[in-house]
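Reader: I have a structure to study, and I should like to understand the terms used to describe it. Could the reasoning behind each term be set out?

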Amino acid sequence: MAEKMLPHSLEMLRKFWDKIKVPTEPFNPNGTWVNTYRCQLMTNEKVSSWNAASLRIQRRGLPDGIQLNVTQTKPITGPKTNLTHASIECQPDTLTTPRKWQVGSVIMDHTSKPMDYTRYNFTGQAEGSVVKLIPGTRKMQMGKRYSSNWSLFDAVQRLPFGGKAIEFDMLEELQKPRRGHKIQYSGSLELTLGGKPTRLHGFVHTGQGIWDGAYFLDDNHRLLIASVGLMEYFYDPQAKLVEERR
């Protein structure tokens, strides 16, 4: 049963399972938290190094919503690093629907200094199910229910184990609309993480324009492993993120 639930890419990364430090402290997915992940890029079935990329998501409540602050680093050829920051104000609903956001990215050289002409920034705002991106005048009609790839890292932690499938549209990277998505509980399994047998609860994510994704949570609803596109995410509070040098 466990083997059938695991994406092939995660099977290839078995050697990294022992590096996952399963947390023992309580976790409230509806509260204030910080989750940090090591990210492994899968290309032509080649495994990148353990220190390849990182993702940090910070969550806190607002009087009428949820605030997510995202920092993500990805290595690119060079050696260079792509650094992305996102500030996302979301609805306090099932899918952590984004309603206002600012995103900025830059490519840094091997000394972490920004490279000329590589900076890109945009903002977005939702009015009902219509999303507007700035700069420009682009407007996108989303479905009644929609989420984003970063929003799902929060939303999946608040979904019930064993609940019904949820259908929605996806705003990939907060700028690309994808239709006909669905996330659904897929059952529990046991893996050995950090040398300890650990029960995980799985969710499967399918839809237009993506490879099937999977999310694995512990009994406290903390997201420990995710498979999203070509990237695999492993919970690691010690993961370091490269910041821009001025």
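Author: The following exchange takes up the terms in turn. The model is predicted.

Reader: What does the chain contain in outline, and how many helices and strands are there?

Author: There are 3 helices and 16 strands in the chain. Of the 246 residues, 48% are buried. Among contacts with a separation of 6 or more, 53% are between residues 24 or more positions apart.

Reader: Why is Cys39 called buried?

Author: The term applies to a relative accessible area under 20%. Cys39 has 2% relative accessibility, and therefore counts as buried. Cys90, at 0%, is buried by this cut-off as well.

Reader: How many disulfides are there, and what makes a pair of cysteine sulfur atoms a disulfide?

Author: The two sulfur atoms must lie within 2.5 Å. By this rule the count is 0 disulfides.

Reader: Is Arg99 buried or exposed, and how do you know?

Author: Its relative accessibility is 14%, and buried means under 20%, so Arg99 counts as buried. Arg99 belongs to strand E6, which covers residues 98-108. Leaving aside residues up to four places away in sequence, Arg99 touches several others, including Leu62, Asp64, Glu89 and Cys90.

Reader: What makes the link between the side chains of Arg99 and Gln91 a polar contact?

Author: A polar contact needs a suitable pair of N or O atoms within 3.5 Å. The side chains of Arg99 and Gln91 are joined at 2.9 Å, which satisfies that limit, so the term polar contact applies.

Reader: Which side chain makes a polar contact with the side chain of Asp154?

Author: The partner is the side chain of Arg59, at 2.6 Å. Asp154 is found in helix H3. Its relative accessible area is 0%, so Asp154 is buried under the 20% cut-off. Beyond residues up to four places away in sequence, Asp154 touches Pro29, Trp33, Arg59, Ile66, Leu68 and Thr96.

Reader: Why is the aromatic pair of Tyr120 and Phe122 called tilted?

Author: The structure holds 9 aromatic pairs. In one of them, Tyr120 and Phe122 are 5.7 Å apart from centre to centre, with 35° between the planes. Stacked requires under 30 degrees and edge-to-face over 60, so an angle of 35° leaves the term tilted.

Reader: Why is Tyr120 called partly exposed?

Author: Partly exposed covers the range between the 20% limit for buried and the 50% limit for exposed; Tyr120 has 41%, so the term fits. Phe122 has 5%, and is therefore buried.

Reader: What makes the pair of Phe153 and Tyr215 edge-to-face?

Author: The planes of Phe153 and Tyr215 stand at 85°, and over 60 degrees counts as edge-to-face, so the pair receives that name. The distance is 6.1 Å centre to centre, and the limit for pairing is 6.5 Å. This pair links distant parts of the chain: Phe153 lies in helix H3 (residues 149-155) and Tyr215 in strand E14 (residues 213-217), 62 residues apart. Phe153 has 3% relative accessibility and counts as buried, and Tyr215 is buried at 1%. Both residues belong to one aromatic cluster with Tyr37, Tyr233 and Tyr235.

Reader: Which residues lie closest to the centre of the largest pocket?

Author: The largest pocket holds about 750 Å³ of space. Of its 31 lining residues, the closest to the centre are Lys74, Asn149, Glu172, Glu173 and Tyr233. Helix H3 gives the largest share of the lining, 4 residues.

Reader: How do you know that Tyr146 is buried?

Author: Its relative accessible area is 3%, which is under 20%, so Tyr146 is buried. Tyr146 is found in strand E10 (residues 146-148). Its side chain reaches the backbone oxygen of Pro98 at 3.3 Å, and polar contacts are accepted within 3.5 Å. The C-alpha atoms of Tyr146 and Leu171 are separated by 7.0 Å, while the two residues are 25 apart along the chain.

Reader: Why does His221 count as buried?

Author: His221 has 19%, and the definition asks for under 20%, so His221 is buried. His221 also has a positive phi of about 75°, although it is not a glycine. It is found in the loop between E14 and strand E15 (223-228).

Conventions. Residues are numbered from 1 along each chain as its sequence is written. This is a predicted model: local features need pLDDT of at least 70, side-chain atom pairs count only at pLDDT 80 or more; totals for chains, interfaces and linings use all residues. Side-chain values use heavy atoms; hydrogens and water are left out. Buried means under 20% relative accessible area, exposed over 50%, partly exposed in between (1.4 Å probe, protein chains only). Helices (H or I, at least four residues) and strands (E, at least two) are DSSP runs, numbered from the N terminus. A polar contact is a pair of N or O atoms within 3.5 Å; within protein, one must be able to donate a hydrogen and the other to accept it, and residues adjacent in sequence count only if both atoms are side-chain atoms. Contact means heavy atoms within 4.5 Å. Rings of Phe, Tyr and Trp (its six-membered ring) pair if their centres lie within 6.5 Å; planes under 30 degrees apart count as stacked, over 60 as edge-to-face and the rest as tilted. On a 1 Å grid over the protein atoms alone, a cavity is a set of points where a 1.4 Å probe fits but cannot get out, and a pocket is an open set with protein on both sides within 12 Å along at least five of seven lines; lining residues have an atom within 4 Å of a point. Grid points are joined across faces, edges and corners, and a volume is the space filled by probe spheres set on the points.
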